[in-house]
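Let's take a walk through the empty spaces in this protein. Have the model open as you read.

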Amino acid sequence: MKQVKIMLIVLMLLTVSSVVFAQGITAKGVKVGLNLSTFTGDDADWEGVDKKMRIGFAIGGFITYEINEMFALQPELYYSMQGAKYKSSEGEDGTLIFKYNYIQVPILAKVNIPVEGSVAPNIFLGPAIGIKVSSKIWWEEEGEEEEEDAEDVKSTDFGLVFGAGVEFGKITVDARYNLGLSTIADEGDADDKNSVISLMVGYSF
């Protein structure tokens, strides 16, 4: 219920901002991308186990509010598959995957780099809030698989998103990094944070 309330508040804020800044909206559209996620922090590395990237996807939408020719604000809303993968490195056949999925809401400050021609590069930076949709732990050992809910994961996650992109008319391509700023665990003092590299492709209407 708490997650639903947070999602409704975020959607209301995005709706209000789109109405208030309607005159300055220069683009709105959809994005889809590939996520490479893992955990960082003092407790993210385990002895005898290799930490690997979990491969997932991201899909959602964005609006761009142009302040002037060089600066813009870009709120986004998208579903993001995150987490991490661990695999035994000591000859044992064991794999553990943390499947943490979020609704991500970054508010990006975007700087357009002036160049000649139809290609428009940019850089961006901004805070992001992640609203947990689901959290599961999957593992495989000696050919047997099992999955269960991870109940000790916080309902919200906070991060800093930064990256660079290029616009080709209505098509946008960007690479970004979401640096987790808050610990994932709801209880205890485990220092694990989300870390996500994303490659995104978008289309503006």
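How do the residues of the lining of the largest cavity divide into nonpolar, polar and charged? Keep in mind that this is a predicted model. The split is three nonpolar, four polar and four charged. If you want to click through that lining, it is made of Lys31, Gln74, Lys110, Asn122, Phe124, Gly165, Val166, Glu167, Thr172, Val173 and Asp174. The strands β6, β8 (156–168) and β9 (171–180) each put in at least two of the lining residues. The space they enclose has a volume of about 80 Å³.

That's one of two cavities of 30 Å³ or more. The second largest comes in at about 40 Å³. Look for Asn35, Tyr78, Ser80, Gln82, Arg176, Tyr177, Asn178, Val196 and Ser198 around it. Here β4, β9 and β10 (193–204) are the strands that each give at least two lining residues. This lining has three nonpolar residues, five polar and one charged.

Now for the open spaces. The largest pocket has a volume of about 300 Å³. It is lined by 22 residues, and the closest to its centre are Glu66, Lys110, Asn112, Ala120 and Glu167. You've met two of these names already: Lys110 and Glu167 also line the largest cavity. Several strands share the job of walling the pocket, with β1 (25–40), β3 (54–66), β4 (71–88), β5 (94–112) and β6 (119–141) each supplying at least two residues. By type, the pocket lining breaks down into ten nonpolar, seven polar and five charged residues.

Note on methods
Residues are numbered from 1 along each chain as its sequence is written. This is a predicted model: local features need pLDDT of at least 70, side-chain atom pairs count only at pLDDT 80 or more; totals for chains, interfaces and linings use all residues. Side-chain values use heavy atoms; hydrogens and water are left out. On a 1 Å grid over the protein atoms alone, a cavity is a set of points where a 1.4 Å probe fits but cannot get out, and a pocket is an open set with protein on both sides within 12 Å along at least five of seven lines; lining residues have an atom within 4 Å of a point. Grid points are joined across faces, edges and corners, and a volume is the space filled by probe spheres set on the points. Helices (H or I, at least four residues) and strands (E, at least two) are DSSP runs, numbered from the N terminus. Ala, Val, Leu, Ile, Met, Phe, Trp, Tyr, Cys and Pro count as nonpolar, Asp, Glu, Lys and Arg as charged, and the others, Gly among them, as polar.
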